[in-house]
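Visitor: I am new to protein structures and would like to learn how to read one. Could you take me through it step by step?

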Amino acid sequence: MQRQFVSSSRISSVGWEPNTLEIQFKDGAIYQYSGVTESEYRNFMNSSSLGHTLSILDKQHPYHRV
């Protein structure tokens, strides 16, 4: 999945394909979140704090390390 670099203290890059959000953390770990809509992805990318918004998504969507 193609990811774009973001400005965040915890997150290095973010990618999205229909229903899947992919996050690469600064430590190199990559996680995929299932069931993420395009609207949720856009809201995430436009949020003032990616880390805070990700903590909300953690509770709403299943995820796994890849």
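Visitor: Let me start with a single residue. Which residues does Val-14 touch, not counting residues up to four places away in sequence?

Guide: Happy to help, and please keep in mind that this is a predicted model. Leaving out those up to four places away in sequence, Val-14 touches Gln-2, Arg-3, Gln-4, Val-6, Leu-21, Glu-22, Ile-23, Tyr-41, Phe-44 and Met-45.

Visitor: Which residues touch the most other members of the largest nonpolar core?

Guide: Val-14 is one of them, together with Ile-11, Leu-21, Ile-23, Tyr-33, Phe-44 and Leu-54; the core has 13 residues. The elements that each give two or more residues to this core are β2 (11–17), β3, β4 (30–36), α1 and α2.

Visitor: Now let me step back. How many helices and strands are in the chain?

Guide: There are 2 helices and 5 strands. Reading from the N terminus, their order is β-β-β-β-α-α-β. The radius of gyration is 10 Å, close to the 11 Å from the globule rule for 66 residues, so the chain is as compact as a globular protein of that length.

Visitor: What share of the residues is buried?

Guide: Buried residues make up 39% of the 66 in the chain. As for the surface, the chain exposes about 4,100 Å², and carbon and sulfur atoms supply 45% of that area.

Visitor: Next, charged side chains. How many salt bridges are there?

Guide: The count comes to 2 salt bridges. One of them joins the side chains of Arg-3 and Glu-22, at 2.6 Å from N to O. This pair links distant parts of the chain, with Arg-3 in the segment before β1 (4–5) and Glu-22 in strand β3 (residues 19–25), 19 residues apart.

Visitor: Are those two partners buried or exposed?

Guide: Take them in turn. Arg-3 is partly exposed, because its relative accessible area is 29% and the class runs between 20% and 50%. Glu-22 counts as buried, at 5% relative accessibility.

Visitor: Where does the salt bridge between Arg-42 and Glu-38 lie?

Guide: Both residues are in helix α1 (residues 38–45), 4 residues apart, about one turn of the helix. Their side chains meet at 2.5 Å, N to O. Glu-38 is partly exposed, with a relative accessible area of 38%.

Visitor: I would also like to read the aromatic rings. What describes a pair of them?

Guide: A pair of aromatic rings is described by the distance of the centres and the angle of the planes. This structure holds 4 aromatic pairs. Among them, Phe-25 and Tyr-31 are edge-to-face, with 5.8 Å centre to centre and 85 degrees between the planes. Phe-25 is buried, with a relative accessible area of 12%, whereas Tyr-31 counts as partly exposed at 23% relative accessibility. Tyr-31 also pairs edge-to-face with Tyr-63, at 6.1 Å centre to centre and 65 degrees between the planes.

Visitor: Why does the pair of Tyr-31 and Tyr-63 tie together separate parts of the sequence?

Guide: Tyr-31 lies in strand β4 and Tyr-63 in strand β5 (residues 63–65), so the pair ties together parts that are 32 residues apart in sequence. Tyr-63 counts as partly exposed, at 43% relative accessibility. Phe-25, Tyr-31, Tyr-33 and Tyr-63 form one aromatic cluster.

Visitor: One last residue, please. Where does Thr-53 lie?

Guide: Thr-53 is in helix α2 (residues 50–60). Thr-53 is buried, with a relative accessible area of 18%. Leaving aside neighbours within four places in sequence, Thr-53 is in contact with Phe-44 and Ser-47.

Methods: Residues numbered from 1 in each chain as written. Predicted model: local features only at pLDDT ≥ 70, side-chain atom pairs only at ≥ 80, totals over all residues. Heavy atoms only, no water. Buried < 20%, exposed > 50% of the residue type's maximum accessible area, 1.4 Å probe, protein only. Contact = heavy atoms within 4.5 Å. Salt bridge = Lys/Arg side-chain N within 4 Å of Asp/Glu carboxyl O. Core = buried A, V, L, I, M, F, W, Y, C linked by side-chain atoms within 4.5 Å. Rg over C-alpha atoms; globule rule 2.2 N^0.38 Å. Areas by Shrake-Rupley, 256 points an atom, 1.4 Å probe, with all protein chains shown as cover. Phe/Tyr/Trp six-rings, centres within 6.5 Å; stacked < 30°, edge-to-face > 60°.
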